[in-house]
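Hi,

Here is the structure you asked about. My notes follow below it.

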Amino acid sequence: MTFNDIFKSSFLENVTSVSILDMALALIFAFGIGMLIFFVYEKTFSGVMYSSSFGVTLVAMTMITTVVILAVTSNVVLSLGMVGALSIVRFRAAIKEPLDIAFLFWAITAGIALAAGMIILAVVGSFVIGLVLLIFVNKKTHRNPYIIVLNCMDHESERTALEFLNQHTKRCTVKSKSARQGNVELNMDVRLKDENTDFINALAGMNGINSAVLVSYNGDYMG
């Protein structure tokens with residue numbers, strides 16, 4: 001063993017395994033695409049409580065994935081150790097919105113593509129995905145399910161209201177019914193014929209109808 005062998009460090013040899021330019025370009029593009037994902041998430045959010053921290057997490061996830069993949073691609077031995085280290089990680093955070101999973105995978109995929117040098121694929125793919133989400137998630141159509149909460153005075157007004165709804169909606173199904181003396185409350189799943197909702201105004205003005213409320217419904221929330 002020579003004097004130079006004593007001070008030889010494999011750690012210092014790995015410092016130059018990834019160039020500064022590659023790291024800078026990858027992180028800059030990762031930040032830009034992460035901000036795009038954040039913007040699309042903010043514009044397409046349809047849940048009850050908006051979480052800005054999840055949006056920031058998407059930006060961080062894109063950059064972190066880029067750094068991890070850069071490290072893995074620079075060293076085969078390190079890639080095997082990274083797989084073992086990440087396999088013991090357990091995420092306990094509950095995903096409340098199914099669409100949030102798509103944003104997480106989008107951030108991870110963009111980070112992987114950038115670190116692999118596929119910058120055009122990451123940029124173009126991210127813009128296409130963002131455009132598709134902006135178009136389809138924010139699209140409101142009359143084919144979407146709606147719920148009508150109807151409050152009637154008696155059985156006769158209930159029957160009249162149901163006949164009226166069957167004429168002015170594509171489909172009307174009673175989901176629940178609560179009856180008390182002088183009061184009948186119905187929850188109905190309806191499909192509209194078109195975008196016009198003026199029939200609710202006419203329904204609320206009928207004799208024996210205390211109130212009529214129309215809300216959109218996606219299975220998780222009302223609003």
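T44 is buried, because its relative accessible area is 1% and the cut-off for buried is under 20%. Please keep in mind that this is a predicted model. T44 sits in helix α3, residues 20-44. A polar atom of the T44 side chain lies 2.7 Å from the backbone oxygen of V40. V137 is 93 residues away from T44 in sequence. In space, the C-alpha atoms of T44 and V137 are 6.0 Å apart.

Now the rest of α3. The helix has 25 residues, and at 1.5 Å a residue they should span 36 Å. The end C-alpha atoms of α3 are 36 Å apart, so the expected span and the model agree. Which residues of α3 are buried? They are A26, A30, I33, G34, L36, I37, F38, V40, Y41 and T44. A general point helps when reading such a list: an α-helix has 3.6 residues a turn, so residues three or four places apart point the same way.

Next, the sheet. It is open and has 4 strands, in the order β2-β3-β1-β4. The pairing is antiparallel. The edge strands are β2 (169-180) and β4 (209-216), and each of them pairs on one side only. From one strand to the next, the twist averages 20°. β2 pairs with β3 (residues 183-192) over 10 bridges, in the antiparallel sense. Within that pair, S178 stands opposite E185 of β3.

Helix α8 (residues 155-168) packs on this sheet. It touches β1 (146-152), β2, β3 and β4. The direction of α8 makes about 160° with that of β2.

Last, the cores. The largest nonpolar core has 18 residues. Which of them touch the most other members? I148, L150, L165, M188, V190, F199 and L203 do. At least two residues of this core come from each of β1, α8, β3, α9 (199-204) and β4. β3 gives the largest share, 5 residues.

M188 is worth a look on screen. Leaving aside neighbours within four places in sequence, M188 is in contact with Y146, I147, I148, L150, L162, L165, C172, T173, V174 and K175.

Another core lies apart from the largest one. It has 17 residues, among them A30, V40, Y41 and L104. Of these, A30, V40 and Y41 also appear among the buried residues of α3.

Best wishes

Definitions and conventions. Residues are numbered from 1 along each chain as its sequence is written. This is a predicted model: local features need pLDDT of at least 70, side-chain atom pairs count only at pLDDT 80 or more; totals for chains, interfaces and linings use all residues. Side-chain values use heavy atoms; hydrogens and water are left out. Two strands pair if DSSP finds at least two bridges between them. Axes are lines fitted to C-alpha atoms, for helices over the stretch in contact, and angles run from 0 to 180 degrees between N-to-C directions. Contact means heavy atoms within 4.5 Å. Buried means under 20% relative accessible area, exposed over 50%, partly exposed in between (1.4 Å probe, protein chains only). A polar contact is a pair of N or O atoms within 3.5 Å; within protein, one must be able to donate a hydrogen and the other to accept it, and residues adjacent in sequence count only if both atoms are side-chain atoms. The expected span of a helix is 1.5 Å times one less than its number of residues. A nonpolar core is a set of buried Ala, Val, Leu, Ile, Met, Phe, Trp, Tyr and Cys residues joined through side-chain atoms within 4.5 Å.
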